[in-house]
Amino acid sequence: MKTLEDLFEHQIKDLYSAETQLVKVLPKMIDKASDSKLKETFEGHLAETKMQKSRLETICREMNITPAGETCKAMKGLIKETKHFISEAATDDVMDAGLIAEAQRVEHYEISGYGTAVRFAKELGHRNIAKTLQETLDEEYDTDNKLDKLAEGRLNKKAIDQN
Ligand code: FE
Ligand code: FE
Ligand code: FE
């Protein structure tokens, strides 16, 4: 890797690997979620994740590179952790809380990845690519906010139950 362009390509492939892994694990998370709003949030984000994956394919076509060939090891680790958690017995409520925790770790990782990619794209003068990556970044932020609200809702419900 000699240039920022090389590094940018590497980052795009890493993100592609991350999204590909997420398309596979999100159905398992949907399956394990009990709260209907949490299920809905995961379902919505699975659809978005598939779209994000195809956006990266379009970007790679424009850049004349293939999207495959990298493994995002960090996402691999986060998913390993999530699967391990899912395999443990938990009450529905605790499972939901844990799923939110794991999902937010994933979103934060994606937010930092796409944040960097948008900056690199701008720096390299790829204005349209930067715009496309920004769309995905906004969706990752939006999902993180939804998960925040669901976690907050759990806290409020607990306060009401204790009264
Ligand atoms: Fe994503
Ligand atoms: Fe990565
Ligand atoms: Fe995401």
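The following exchange asks how labels on this predicted model are justified.

Trainee: What makes Asp-14, Cys-72 and Tyr-109 donors of the iron ion (ligand 2)?
Mentor: Distance. Donors are N, O and S atoms within 2.8 Å of the metal. Here Asp-14 (OD, listed twice), Cys-72 (SG) and Tyr-109 (OH) sit at 2.0 to 2.7 Å. Therefore they count as donors.

Trainee: Why is the site of the iron ion (ligand 2) called irregular?
Mentor: Look at the angles among its 4 donor atoms: 54 to 168 degrees. Tetrahedral needs all angles between 85 and 135 degrees. Square planar needs opposite donors over 155 degrees apart and all others between 65 and 115. The 54 degree angle fits neither, so the site is irregular. Keep in mind that water is not among the atoms, so sites may look incomplete.

Trainee: How are the donor residues of that iron ion (ligand 2) spaced in sequence?
Mentor: As D-x57-C-x36-Y. Asp-14 and Cys-72 link distant parts of the chain, 58 residues apart. Asp-14 is in helix 1 (residues 4-32). Cys-72 is in the loop between helix 2 (36-63) and helix 3 (73-87). Both residues are buried.

Trainee: Which residues coordinate the iron ion (ligand 3)?
Mentor: His-45 through NE2, and Glu-107, Glu-110 and Glu-140 through OE atoms, with Glu-107 listed twice. The range is 2.0 to 2.6 Å. The cut-off is 2.8 Å, so these atoms qualify. Along the chain the spacing reads H-x61-E-x2-E-x29-E.

Trainee: What connects the iron ion (ligand 3) with the iron ion (ligand 1)?
Mentor: Glu-110 coordinates both, and the two ions are 3.2 Å apart. Glu-110 is in helix 4 (residues 92-123) and Glu-140 is in helix 5 (residues 127-161), 30 residues apart.

Trainee: How do you know whether Glu-110 and Glu-140 are buried or exposed?
Mentor: Buried means under 20% relative accessible area. Glu-110 has 2%, so it is buried. Glu-140 has 0%, so Glu-140 is buried too.

Trainee: How does the span of helix 1 compare with the expected one?
Mentor: Helix 1 has 29 residues and reaches 41 Å from its first C-alpha to its last. The expected value is 42 Å, and the span is close to that. Helix 1 also has a kink of about 35 degrees at Lys-24, shortly before Pro-27.

Trainee: Why is the contact of Arg-55 and Glu-135 called a salt bridge?
Mentor: The rule asks for a side-chain nitrogen of Lys or Arg within 4 Å of a carboxyl oxygen of Asp or Glu. Arg-55 and Glu-135 come to 3.5 Å, N to O, so the pair passes. Arg-55 is in helix 2 and Glu-135 in helix 5, 80 residues apart. By this rule the count comes to 5 salt bridges.

Trainee: What makes Arg-55 buried but Glu-135 partly exposed?
Mentor: Under 20% is buried, over 50% exposed, in between partly exposed. Arg-55 has 12%, so it is buried. Glu-135 has 42%, so Glu-135 is partly exposed.

Trainee: How do you know that Asp-93 and Arg-154 form a salt bridge?
Mentor: Their closest N and O atoms are 2.7 Å apart. The limit is 4 Å, so the pair counts. Asp-93 lies in helix 4 and Arg-154 in helix 5.

Trainee: What separates Lys-146 and Asp-142 in helix 5?
Mentor: About one helical turn, because they are 4 residues apart. Their salt bridge has its closest N and O atoms 3.5 Å apart.

Conventions: Residues are numbered from 1 along each chain as its sequence is written. Chains are lettered from A and ligands numbered from 1 in the order in which they are written. This is a predicted model: local features need pLDDT of at least 70, side-chain atom pairs count only at pLDDT 80 or more; totals for chains, interfaces and linings use all residues. Side-chain values use heavy atoms; hydrogens and water are left out. Four donors count as tetrahedral if all angles lie between 85 and 135 degrees; four count as square planar and six as octahedral if opposite donors are over 155 degrees apart and all others between 65 and 115; anything else is irregular. Helices (H or I, at least four residues) and strands (E, at least two) are DSSP runs, numbered from the N terminus. Buried means under 20% relative accessible area, exposed over 50%, partly exposed in between (1.4 Å probe, protein chains only). The expected span of a helix is 1.5 Å times one less than its number of residues. The bend at a residue is the angle between axes fitted to the seven residues ending there and the seven starting there.
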